[in-house]
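Thanks for coming. I have one structure to go through today, and I will keep to what can be read from its atoms. Please have it open in front of you.

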Amino acid sequence: PSAPATGAARLILADRLGKALAEGRPFVVEARALAATGAAAEPMQVLNGLAAGGAPSGAGLLADFRKLRAVLAVEPANVDAPWTARLLKLTDGLVRVRSTGAVEGSSPAAITARIEQSLQRGDAAAAQVAWAQLPEPARLASEAFGAALKQRVDADQAIKAITDDAIKALSAAT
């Protein structure tokens with residue numbers, strides 16, 4: 001096939017694979033077909049590693065995160081604080097107020113709000129950056145979520161690389 005036909009096929013297949021990613025379903029057939037077009041080896045390696053099970057969907061990540069949110073937003077206890085301060089800290093979890101706008105700050109509550117907002121926008125990469133800013137106990141408690149988030153980000157980056165490469169190939173052929 002000609003270079004433009006291969007580039008066009010690669011774009012179509014990348015789009016189909018992207019839809020499978022968005023739905024969180026396996027994409028073995030799409031990945032094989034995309035590899036047959038000569039897509040770059042590195043992004044294909046990432047996609048082939050996820051093809052059988054699919055990558056976590058944005059909706060799935062958001063649902064998983066919401067199950068963890070309360071645990072992740074807790075401030076680490078300050079064992080040097082007076083007992084009255086620690087007691088008051090325990091009452092913080094009774095009522096939660098979450099901001100709907102941009103959330104600034106480095107507290108666990110602010111970071112978890114940014115993670116959730118990023119996931120709601122479909123920006124797994126921004127959610128991953130925010131997740132990495134959580135205190136170590138929160139990251140350890142949510143390792144499985146962090147791994148799923150990384151899978152999604154890696155898959156999104158691989159699809160973007162393949163799509164960008166296909167567009168460059170089409171542009172060069174015209």
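I will start with two helices. The axes of α4 and α9 come within 11 Å, and they cross at roughly 160 degrees. Angles over 145 degrees count as roughly antiparallel. So α4 and α9 are roughly antiparallel to each other. Their crossing is left-handed. Before I go further, please keep in mind that this is a predicted model.

Which residues make the contact between these two helices? On the α4 side they are Gly58, Leu61, Asp64, Phe65 and Leu68. On the α9 side they are Phe145, Ala148, Leu149 and Arg152. Sorted by character, the residues of this contact of α4 with α9 come out as six nonpolar, one polar and two charged.

Two residues in that contact deserve a slide of their own. A search of the whole structure for aromatic pairs returns one. The partners are Phe65 and Phe145, with 5.7 Å from centre to centre and 45 degrees between the planes, and the pair is tilted. As for the term, planes under 30 degrees apart would count as stacked and over 60 as edge-to-face, so a pair at neither end is called tilted.

What does this pair tie together? Phe65 sits in helix α4, residues 58-72, and Phe145 in helix α9, residues 143-173, so the pair ties together parts that are 80 residues apart in sequence.

Are the two rings' residues buried or exposed? Phe65 has 0% relative accessibility and counts as buried. Phe145 is buried as well, at a relative accessible area of 5%. The cut-off for buried is under 20%.

Just before α4 there is a residue worth a look. Ser57 is placed in the loop between α3 and α4. With a relative accessible area of 14%, Ser57 is buried. If we set aside its neighbours within four places in sequence, Ser57 is in contact with Leu21, Ala22, Glu23, Gly24 and Arg152. Arg152 is a name you have heard already, since it is one of the α9 residues in the contact with α4.

Staying on α9 for a moment, Asp154 is also in that helix. Asp154 is partly exposed, with a relative accessible area of 24%. Its C-alpha atom is separated by 8.6 Å from that of Pro43, although the two residues are 111 apart along the chain.

Now the second helix pair. Helix α2, residues 28-36, and helix α3, residues 41-51, have axes that come within 9 Å and cross at roughly 155 degrees. α2 and α3 are therefore roughly antiparallel to each other. Here too the crossing is described as left-handed, with α2 passing α3. From α2 the contact takes in Val28, Ala31, Leu34 and Ala35, and from α3 it takes in Met44, Leu47, Asn48 and Ala51. By character, the residues of this contact of α2 with α3 divide into seven nonpolar, one polar and no charged.

Let me pick out two residues of α2. Leu34 lies in that helix and is buried, with a relative accessible area of 0%. Leu34 and Met44 are ten residues apart in sequence, and their C-alpha atoms are 8.2 Å apart in space. What else is Leu34 in contact with, leaving aside its neighbours within four places in sequence? The list is Arg10, Leu13, Ala14, Leu17, Ala39, Met44, Leu47 and Ile162.

The other residue is Ala36, also found in helix α2. Ala36 counts as exposed, at 68% relative accessibility. The C-alpha atoms of Ala36 and Ala9 are 10.0 Å from each other, and these residues are 27 apart along the chain.

To finish, the chain as a whole. How many helices and strands does it have? There are nine helices and zero strands, and the order along the sequence reads α-α-α-α-α-α-α-α-α. Of the 174 residues in the chain, 34% are buried. Taking contacts between residues at least 6 apart in sequence, 66% join residues at least 24 apart. The pair of Phe65 and Phe145 is one case of parts set apart in sequence being tied together, in that instance by 80 residues.

That is all I have.

Key:
Residues are numbered from 1 along each chain as its sequence is written. This is a predicted model: local features need pLDDT of at least 70, side-chain atom pairs count only at pLDDT 80 or more; totals for chains, interfaces and linings use all residues. Side-chain values use heavy atoms; hydrogens and water are left out. Rings of Phe, Tyr and Trp (its six-membered ring) pair if their centres lie within 6.5 Å; planes under 30 degrees apart count as stacked, over 60 as edge-to-face and the rest as tilted. Helices (H or I, at least four residues) and strands (E, at least two) are DSSP runs, numbered from the N terminus. Buried means under 20% relative accessible area, exposed over 50%, partly exposed in between (1.4 Å probe, protein chains only). Axes are lines fitted to C-alpha atoms, for helices over the stretch in contact, and angles run from 0 to 180 degrees between N-to-C directions. Angles under 35 degrees count as roughly parallel, over 145 as roughly antiparallel, 65 to 115 as roughly perpendicular and the rest as oblique. A crossing is left-handed if the near helix is turned anticlockwise from the far one by less than a right angle, and right-handed if clockwise. Contact means heavy atoms within 4.5 Å. Ala, Val, Leu, Ile, Met, Phe, Trp, Tyr, Cys and Pro count as nonpolar, Asp, Glu, Lys and Arg as charged, and the others, Gly among them, as polar.
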